[in-house]
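Hi everyone, thanks for coming. Let me put the structure up, and then I'll walk you through a few spots that I'd like you to find with me.

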Amino acid sequence: DDDGGERTFVFPGERVTVICTIEEDLTPDQVEALENEHCYWLGFHPSSDSGTPRGGDDDECDGDAGCASVLEASSSSRVRDESPTSPVAGLARAILRCEGLGDRAVIALEATVPAHLPANGALVTLDVKQYLRHPLGLGATTEEAANRGHEEDEDRVGGSPTVALYEHFLCRRWTRRLEVFRPLRVRTRVSGGGHGGRFVSAALANALPRRIECELSVLGFQLLSDPPGALCVSRIHPRRSESGRHAAMAPGTEHSFAILADPGPDAGPPPTSADLLVTVASSVSSMPLLYSHRVGWPAAMGPAPRAQLVLSHVGREEEAGSGLPLAKIRCTVRNLTDQQRTYSLVFDDLDVLGNAKAEGSSHAFMDTRVPVGEVPARSSKSVICRLMPMDSTIARVDGIRLVDDLGNAYANAMPCNLSC
């Protein structure tokens with residue numbers, strides 16, 4: 001697909017379509033020969049230029065070489081031919097098409113960006129070379145051809161193994177300087193334990209600079225554990241939208257997710273480590289990107305929790321009279337015991353004051369401790385909190401704890417960012 005338009009950046013590990021243009025009016029036979037009589041090598045090299053690509057300028061191409069264009073990620077599923085006579089080499093996977101377009105011709109190659117490329121805006125040079133494959137005939141044995149360094153095709157004449165030999169002559173070359181970015185930044189924290197599993201709080205951020213117009217949205221999560229099968233994802237909050245995706249993240253923004261990880265179906269040993277696999281869609285690619293993040297998994301499961309606190313962002317409003325901005329969240333308290341308990345919310349972050357009103361209650365106040373009240377056994381109760389940030393318009397609520405009447409404290413299972 002070419003609908004994504006020309007790009008000046010790539011992501012490590014993604015599959016892209018590279019367009020090489022020949023500014024000549026070729027005959028149909030010459031266009032056909034671009035694929036049948038030529039082969040192509042593609043690679044990426046560190047760029048010696050420390051400047052920033054300027055999208056479309058001629059100085060992004062090196063010397064007298066032609067200029068290649070990187071389009072959106074390819075949706076091709078072809079398997080690369082690994083035979084000695086493959087028409088592509090290096091990081092190229094396949095020739096997608098060769099066609100004439102009036103006074104010019106284009107060659108579309110599918111390529112994979114190396115996962116080990118330096119990211120964070122590092123410059124690399126995309127290099128594509130076209131070679132003419134000139135046949136030399138048959139006759140040499142495979143070993144002799146290998147010693148001479150020629151490309152070979154195995155054949156048999158009169159029962160004896162022979163090879164078709166080719167020499168390669170460099171015909172054309174295309175280059176382009178590109179920036180390399182790792183678009184996703186992941187932070188995780190594990191809480192909870194016991195028979196109810198653990199919560200993995202994952203904060204995902206679009207780490208691209210704001211000048212790069214590329215939105216990211218999460219398609220799904222998967223937990224890989226050691227030993228395999230010791231963990232499974234049973235619930236994710238917030239859920240996906242009707243489109244099958246989570247909320248889009250513009251460059252510089254972050255979203256938080258709570259992932260409930262339950263023990264696997266087989267009653268095996270507990271996990272000793274885990275990796276979070278995140279599948280991400282981007283607005284500049286037709287193929288998803290897959291990222292792996294090592295989770296700091298606790299060594300052993302603890303006892304079953306007696307209570308659980310789940311936070312979710314509701315919205316914002318202004319305080320009556322003063323007009324001060326307030327962030328609204330819903331705090332859901334779940335009593336997991338067989339007895340009635342009384343709970344309170346404690347704000348450890350002294351830069352944030354809480355104003356809460358429980359369901360069916362008329363209480364409203366500003367403090368660093370907010371009573372929730374009594375919660376029956378195996379039941380839940382929600383409280384709408386209005387938070388007033390003292391020093392910033394963005395409040396992180398990692399510091400809210402739930403405390404019961406026995407003095408037990410529980411961290412919130414779902415940290416999130418609030419805008420005021």
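P238 sits in the loop between β14 and β15 (254–263). The strands I name are DSSP runs of E with at least two residues, the helices are runs of H or I with at least four residues, and both are numbered from the N terminus. Now look at the bond leading into that proline: the peptide bond from H237 to P238 is cis, with omega near 0°.

Before going on, a word on what you are seeing: this is a predicted model, where local features need pLDDT of at least 70 and side-chain atom pairs count only at pLDDT 80 or more, while totals for chains, interfaces and linings use all residues. Residues are numbered from 1 along each chain as its sequence is written, and side-chain values use heavy atoms, with hydrogens and water left out.

There is another cis peptide bond to find, between D226 and P227, with omega about 5°. P227 belongs to the loop between β13 (216–226) and β14 (231–237). As background, most peptide bonds are trans, and most residues other than glycine have a negative phi.

That brings us to phi. Which way does the sign go at N120? Phi is positive there, about 60°, although N120 is not a glycine. You'll find N120 in the loop between β7 (105–112) and β8 (122–138). N120 is exposed, with a relative accessible area of 71%. By exposed I mean over 50% relative accessible area; buried is under 20%, and partly exposed is in between, using a 1.4 Å probe and protein chains only.

R378 is also a residue other than glycine with a positive phi, near 55°. R378 is in the loop between β22 (369–375) and β23 (380–389), and its relative accessible area of 54% makes it exposed.

Let's finish at α1 (28–36). Which residues of α1 are buried? They are V31, A33 and L34. Seen down the axis of α1, these buried residues fall within an arc of 155°, so they line one face of the helix; the arc is that of the directions from the helix axis to the C-beta atoms. On the other side of α1, P28, D29 and N36 are exposed.

Just past the helix comes E37, in the loop between α1 and β3 (38–46). E37 counts as partly exposed, at 44% relative accessibility. Thanks, and do go and find these spots yourselves!
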